[in-house]
Amino acid sequence: MATETVTITETVQSLEEICAGIPSDPLPEPQARDPLVPHAPIRTPELNREEERLALENALRYFPPSTHEVLAPEFAIELRTYGHIYMYRFRPNIEMRAYPLADYPCKTPQAAAIMHMIMNNLDPRVAQFPHELVTYGGNGQVFSNWAQFRLTMHYLSQMTEYQTLVMYSGHPMGLFPSTPQAPRLVITNGMMVPNYSSRDSYEKLFALNATMYGQMTAGSYCYIGPQGIVHGTTLTILNAARKHLGTSDLAGKVFVSAGLGGMSGAQAKAAVICGCVGVVAEVSEEALMKRYNQGWIMEVVSTLDDLVALLRNARRRGKALSIGYHGNIVDVWERLVMEYECTGDVLADLGSDQTSCHNPFLGGYYPVGLKYEDARDMMHQDPAKFKKLVQESLCRQVKAINKLASKGMFFFDYGNAFLLEASRAGADVGRSEGMNGCTFRYPSYVQDIMGDIFSLGFGPFRWVCTSTEPSDLEKTDELAASVIEELARTKVPKCVQQQYEDNAKWIREASRHKMVVGSQARILYSDQAGRIALAKAFNKAVADGRLKSAVVISRDHHDVSGTDSPFRETSNIYDGSALCADMAIQNVIGDSFRGATWVAIHNGGGVGWGEVINGGFGLVLDGSKEAGERAEKMLKWDVSNGVSRRCWSGNANAKETIQRTMAMTEGLLVTMPNAVQDSTLVERALNPSF
């Protein structure tokens, strides 16, 4: 039964206990918010009395009627105090982290692997607001409440290979009969009837426990900490410098951005890997010091004078350095403008922003001039004033960026809806409407840089060593380097060979950069041939005992085929289909029957609710022959789907890539586009005198 309850001890200390179901006899003791843990901002769903009643009724469905007298007033207080019912009473008292698969009380290793990934997403070292079940992005939920976590863990512990667990926006709908070839888990997050996919409706529906914002890899259980985008961020900075600064040597160059809370934490590490000076502003001292203590930031300063002095010194010496500034990014940009006006020095060569602007009025972006805690209070006590201050700050930030850009700095949008929200605030970002959505003065990094890499089939492939042993990760790094170096020696186009060589260098140096936070995981950009070869190598290593436990392969949803978003992943699609989401939907369906252990499809992620559809997968390599076959079939589709779509839209890289793939893949036959050869033909045809 979905509401199965058990009697447990007051303090949960074991995996067996948290997998036993939702405790109700007796109930766990109430838990206040822990002041020592970062917490999500208070939400402002603005529910009326009828909606509040519905929210309480929905929350109480998880519990037997005998508990309702106790829980109803408690949940009402949570709803009115925090804007959501998180059910803190049911948060387990256990060290939340990824455990070895053998530790989980499961009937299948696939279920244990899913548990491993879920608990990593909620690990306090990894998660942004772990007690509110937020992994990253300010509102990227793993679950909506702690009852859902407990019930999901219970179902996974009971699951056999003839069942599939179905998740509706954080809610475990139940175990349903299926087959061993089917996914063990199917996840949907935030799926909406299109006309109702608005920010305002989301706030109400989340408060009602009716839907959930899963970001990308938060709600699909595949987040691996800031490492998840550090390779992509490194490639972006390097290629931005090559294309716009005319150099591959970034010594003495300065990259300025904002955000260290979740995925954005990758920026500082990426800057150092590139060899430049990285300046990243962060308003939350907790988030800043978390990244500093984890080794992702080298220096921390809290005054603009100290920041400029440190920046100038590192710039002059050509020293690779990451600087975390505790303060507002608007102050940084305006100080850099002042430095230019006083000295003529443009101290920033590259600029971007990775604040969570998809959620600008609920903690994703903090206005200049307000202390952090005062801002958190204002956003729920006076949301209209807070919104006004946010929009004023966005306009000031853009004004400063425009000034420096006019003097030679290159600024790019990192797909976080910064330019979109700035345009809505009235900032001068050169917004232009068209058939492919709106464009801005500054390009999206996908549109300008990473889109062509995606069109070659390269994207953020990931793996997790479920033994939790660093030695297993070291072995997979070595295997990966050998695989990629071997591919680099094959006969491929020069642009593909360059990617292989860059990626081989990356994986050879990966351990030196100390990127692991939480699970023993790695990120490596790879194409279809590379992903398949890596999966086979890992599966064989599990089979022959070189690796102590299974390996989970996955990828960021931000990939070749996984995401439809006109502001990011499909911003370089120009045939009018940038606003369409067929690719992401087809991808998750195709992955599901080709071998994925679990699949997920989400509304929202990165650029915001209603602005993107994205999906992903997890696949357990347990050393079996079947696992290897599943991986090969699924990965062929998972990459070729997106390359085919990009080819049909007119991308030359994608066309060449899918033609090579067809020549090597039996049964693959892709419809190829026929471009108009005569550039005057269409105009002549549309002319009435034709």
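The paragraphs below walk through a predicted model, from its annotated domains to its aromatic contacts and a patch on its surface.

Two stretches of the chain carry domain annotations in an unreviewed UniProt entry. The record gives residues 96-222 as "domain: Urocanase N-terminal", and in the model this span is 28% helix and 18% strand, with its end C-alpha atoms 16 Å apart. The same kind of record places "domain: Urocanase C-terminal" at residues 452-659; here the chain is 48% helix and 17% strand, and the C-alpha atoms at the two ends are again separated by 16 Å.

Aromatic side chains offer a second way into the structure, which holds 26 aromatic pairs. One of them joins tyrosine 414 and tyrosine 445, whose ring centres lie 4.0 Å apart and whose planes meet at 5 degrees, so the pair is stacked, given that planes under 30 degrees apart are counted in that way. The two residues come from distant parts of the chain, 31 residues apart: tyrosine 414 sits in the loop between strand S13 (410-411) and helix H15 (418-424), while tyrosine 445 belongs to helix H16 (residues 445-455). Both tyrosine 414 and tyrosine 445 are buried, and they take part in one aromatic cluster together with Phe255, Phe410 and Phe412.

A pair with another geometry is made by phenylalanine 458 and tyrosine 500, which are edge-to-face, with 5.5 Å from centre to centre and 65 degrees between the planes. This pair, too, links distant parts of the chain, since phenylalanine 458 lies in the loop between H16 and strand S14 (459-465), whereas tyrosine 500 is in helix H18 (residues 494-509), 42 residues away. Phenylalanine 458 is buried, as is tyrosine 500.

Aromatic rings also meet charged side chains in this model. Arginine 33 lies over the face of tyrosine 82, at 3.9 Å from the ring centre, and the charged end of arginine 97 is placed over the ring of tyrosine 99, at 4.0 Å from the centre of that ring.

The last stop is on the surface, where Val676, Leu681, Val682 and Leu686 form a nonpolar patch whose accessible area comes to about 360 Å² together. Within this patch, leucine 686 is part of helix H23 (residues 681-686). Is leucine 686 buried or exposed? Its relative accessibility is 62%, and leucine 686 therefore counts as exposed, the cut-off for that class being over 50%.

Notes
Residues are numbered from 1 along each chain as its sequence is written. This is a predicted model: local features need pLDDT of at least 70, side-chain atom pairs count only at pLDDT 80 or more; totals for chains, interfaces and linings use all residues. Side-chain values use heavy atoms; hydrogens and water are left out. UniProt positions are given in the numbering used here, feature names are shortened, and annotations may be inferred rather than shown by experiment. Helices (H or I, at least four residues) and strands (E, at least two) are DSSP runs, numbered from the N terminus. Rings of Phe, Tyr and Trp (its six-membered ring) pair if their centres lie within 6.5 Å; planes under 30 degrees apart count as stacked, over 60 as edge-to-face and the rest as tilted. Buried means under 20% relative accessible area, exposed over 50%, partly exposed in between (1.4 Å probe, protein chains only). A charge sits over a ring if NZ of Lys or CZ of Arg is within 6 Å of the ring centre and within 35 degrees of the ring normal. Patches are made of residues with over 30% relative accessible area and no salt bridge: like charges are joined within 9 Å, nonpolar side chains (Val, Leu, Ile, Met, Phe, Trp, Tyr) within 5 Å. Accessible areas come from the Shrake-Rupley method with a 1.4 Å probe; for residues, only the protein chains shown count as cover. A salt bridge is a side-chain nitrogen of Lys or Arg within 4 Å of a carboxyl oxygen of Asp or Glu.
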